[in-house]
Every structure is written in C-alpha cells, then in structure tokens.
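Please look over the sequence and the model shown below before reading on. The paragraphs after them go through the chain part by part.

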Amino acid sequence: MRFCVKCGKDVEKTLDGLCTECYLDGRQFTSLPHHVDLEVCAVCGEYYLGGKWVPSSKKNAVEDFAFENVTVLNGNRIKCLESFSEEQDPRTFLATVISEVSIEGAEVESEASTIVRVKNTVCKRCSRIQGSYYESILQVRSEERALDEDTMEQVVNMVMSYVDQQSRINRQYFISKVEKMHGGVDFYISSIALGRTIAKIVSDKYSGENKESAKLVGRTPDGQDMYRITYLVRLPEFKAGDVVLWNNKHYKLVRVFGTGGRIISIKDFKEITVRRSDMSALKVYRKKSELGNATVISGGPPEIQVLHPSNYSAVDLRVPEGAIIGETVKVVDIDGSMYYVP
Ligand SMILES: [Zn+2]
Ligand SMILES: [Zn+2]
C-alpha cells in the first residue's frame, strides 16, 4: 500500500507520489500557443481548416481553428466539449476551448485559450481562376456555318450549371473562361477529367460528334509530360422538331437522346428509333422554324381540311389516330403535296 504525499490518503497506485485526485487537481492538460493565424480567402471567403478550404461562418471558423491547434500535454484521447470566442476587433478573437482528456482512466476537463488572428490570403482555386488556369478546352461548334444563339445559350447554361454543381463536390473543378468565337463557344476548363465529362454531356444531348486532341505543353516538376487536351464537339444541323430525311424518306425528328433519336414518319406516322451511330445519316429537309402553319377548316382524325398557307385552296390532310387538332396545324410540302407534321 502507498500513500499520497499531499493528502496522506492510502492508495493502491500513485502518480508522481500523488493520489489521482491530487494529481489531477489544478493541473493543465491542454495548451494553445499565444496566437494562431487563421487564413481566409479574400476572394471566395472560405477558411483553411483541417488542411482544406471550406465554407464557414467566421465565428465557427475561429472556434474550430482554435480547437484544431490544441496540444494535449499529458494523457490522450481528446474531445472538444465547448469552444467560444470573443471578438476584440474584426480580425482578432480571443478563443477558449474546453476539452475532455482521458488520463489514467479518468476523464478530465481542461481549458486553454489563444488569440486567433484572421489573415487574408487567396486560396489555390481562386488564384488559379484569376490566372485563367486551364488543363483542357472544350470547343462547341456546329455542322452549320455558325452555332445559333439559342443553342449557344442553351449549351453555356447547361455547362455552367453542371460545373457549378460539381465544384461543390470537387473544389478543383471550375471554368476559368468562356469565349464565344468562330461561330461557336470555347470553355477553358480546370481539369482534363472535367473537360472529358462535359464534352460527353454536350455531345450526348445533341447527338454531336466528339473529337479530342492533345498538345504537349511542358513537364511537371517530377519530369512527366504535361498535356493540354482540346475536346471538339460538333453539333449536327438537325434538332428536335425538324423534318428530316432518313433512307430517302421524310420523318419528323421527335427527340434526341444519348443513345440515338426517335423519328416519326410524315407519310404513315410510324415511329422508329435511330441508333446514335446512324444519327449522322439524318439530313435536315425543313427546319422546325421553316414549317408552314395551316388554318384548320373542318374534320378530325383520320382526316382534316385545311387552308393551303400560300394559295388558300382547301386541302385534305391525313392525321394520326388520337391527334389533338387545334386551330392551326404544322404542315410541310414534299414533291408538290402538302402533309401534316405530327
Ligand atoms: Zn492525494
Ligand atoms: Zn478562394
């Protein structure tokens, strides 16, 4: 049997000659430096915590950062019980952390304080964006002379919202520049993987052709070749709603999807699926915007009478079963005859 040199109590085991209570009494188990510097990105406002840039409120960032810097002097297994801070000026905080430390089988609370100084800097991502950093370029062009404004806007919105969503998961994903040029649009993209994914999304959406080329731009510090990849997506002339030629027959292009398209015959209203690899054989006969509008005079499925849009004669048109006929219908002329466009 041993005894505590301070309180004289008989105990089985002593620590530095003391019983557990006397050993723990008044002792510091954690410490913090006099001050610590917390980095904040002056551009995006994120804080550098736990070795990465994260969004946070200033108060939470200050308190989390103080806890991150706590050193356990004696004992182990530390848990933050409470942390609080007091603003001295907008860039200086007095932060206190109460931690739980496990020592010799006992759980003890320990308090430590520090001055947290908030320092402005620019995170790696923001400095790359500011420097127009890119590893790949996506060029979107059209088979036609130029990409029309509507499609261009649609592509830009689709790409930007996809990247915005992805950048929340991976901070290294961003677009540093969007440039409308040569009848198309160029995107300067932060990574090769992201460029490849976006090129596929855009070409799938429109059933476009996708080509890539690599250019050697230098060497990495460890001697690896460094490439910049250019993805060229050429969008076809056809769009959903156009009347197209397929195997010398006329169809309306109903929709385009990643694995091909769906077309409906102008003459017998039968629908066919066209595989992606065969989509390039579709040729535009009349664009959607060039189709005629004919006023309906009478009738309902399977046949209606309309006024010819140019000479105003009455024309009979076959329409599919179940078609809902409004006041006007879309029509197309093929070899001198007029047809209803389903
Ligand atoms: Zn004692
Ligand atoms: Zn930033």
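What follows covers confidence and domains, then a sheet and its core, then a second set of strands, and lastly two single residues.

This is a predicted model, in which local features need pLDDT of at least 70 and side-chain atom pairs count only at pLDDT 80 or more, while totals for chains, interfaces and linings use all residues. Residues are numbered from 1 along each chain as its sequence is written, and chains are lettered from A and ligands numbered from 1 in the order in which they are written. The mean pLDDT of the protein (the predictor's confidence in each residue, from 0 to 100) is 91, and 99% of the residues score at least 70. Confidence is lowest in helix α1 (residues 20-24), with a mean of 81, and highest in β4, at 97. Helices (H or I, at least four residues) and strands (E, at least two) are DSSP runs, numbered from the N terminus.

Four domains are assigned: domain 1 (2-121), domain 2 (132-235), domain 3 (238-286) and domain 4 (291-342). Their bounds come from an automatic or database domain assignment. The centres of domain 1 and domain 3, taken over C-alpha atoms, lie 68 Å apart.

Consider next an open sheet of five strands, ordered β12-β13-β11-β15-β14 with mixed pairing. Two strands count as paired if DSSP finds at least two bridges between them. β12 and β14 (209-219) each have a single partner strand and stand at the edges, so one side of each lacks a neighbour in the sheet. On average, neighbouring strands of this sheet are turned by 15° against each other, direction ignored; axes are lines fitted to C-alpha atoms, for helices over the stretch in contact, and angles run from 0 to 180 degrees between N-to-C directions.

At one edge, strand β12 (residues 175-181) runs antiparallel to strand β13 (residues 184-189) and is joined to it by six bridges. Lys177 has Tyr188 of β13 as its bridge partner. Two residues lie between the strands in this hairpin, where His182 takes a positive phi near 45°. At the other edge, ten bridges link β14 and β15 in the antiparallel sense, with Ser213 opposite Thr230 of β15. Helix α5 lies across β11, β13, β14 and β15, at about 10° to β15.

Which residues touch the most other members of the largest nonpolar core? Among its 22 residues, they are Leu138, Val140, Phe187, Ile189, Ile198, Val202 and Val233. A nonpolar core is a set of buried Ala, Val, Leu, Ile, Met, Phe, Trp, Tyr and Cys residues joined through C-beta atoms within 7 Å. At least two residues of this core come from each of β11 (136-142), α4 (149-169), β13, α5 (192-206) and β15 (225-235). The most come from α5, which gives five. Beyond its neighbours within four places in sequence, Phe187 is in contact (C-beta atoms, placed from the backbone, within 7 Å) with Ile137, Leu138, Val159, Ile175 and Val178.

A second, separate core has 19 residues, including Leu253, Ala294, Val319 and Tyr339.

Further along the chain, strand β21 (residues 292-300) pairs with β22 in the antiparallel sense over four bridges. The hairpin between β21 and β22 passes through two residues, and Gly300 has Glu303 of β22 as its bridge partner. β22 is also antiparallel to strand β23 (residues 314-318), to which five bridges join it; here Ile304 stands opposite Leu317 of β23. Six residues separate the strands in the hairpin of β22 and β23, and Tyr312 among the residues of that hairpin has a positive phi near 60°. In a regular strand the side chains alternate between the two faces of the sheet. Strand β22 (residues 303-307) has Ile304 and Val306 on a covered face and Glu303, Gln305 and Leu307 on an uncovered one.

Two single residues remain. Is Thr114, in strand β10 (residues 106-121), buried or exposed? Thr114 is buried, because 22 other C-beta atoms lie within 10 Å. A residue is buried if 20 or more other C-beta atoms, placed from the backbone, lie within 10 Å of its own, exposed if 12 or fewer, and partly exposed in between. Leaving out residues up to four places away in sequence, Thr114 touches several residues, among them Leu32, Pro33, Ala66 and Ala95. By contrast, Ala42, in the loop between β4 (35-41) and β5 (47-49), is exposed, with 12 such atoms within 10 Å. Ala42 and Cys126 are 84 residues apart along the chain, and their C-alpha atoms are separated by 9.1 Å.

Terms used
Two residues are in contact if their C-beta atoms, placed from the backbone, lie within 7 Å.
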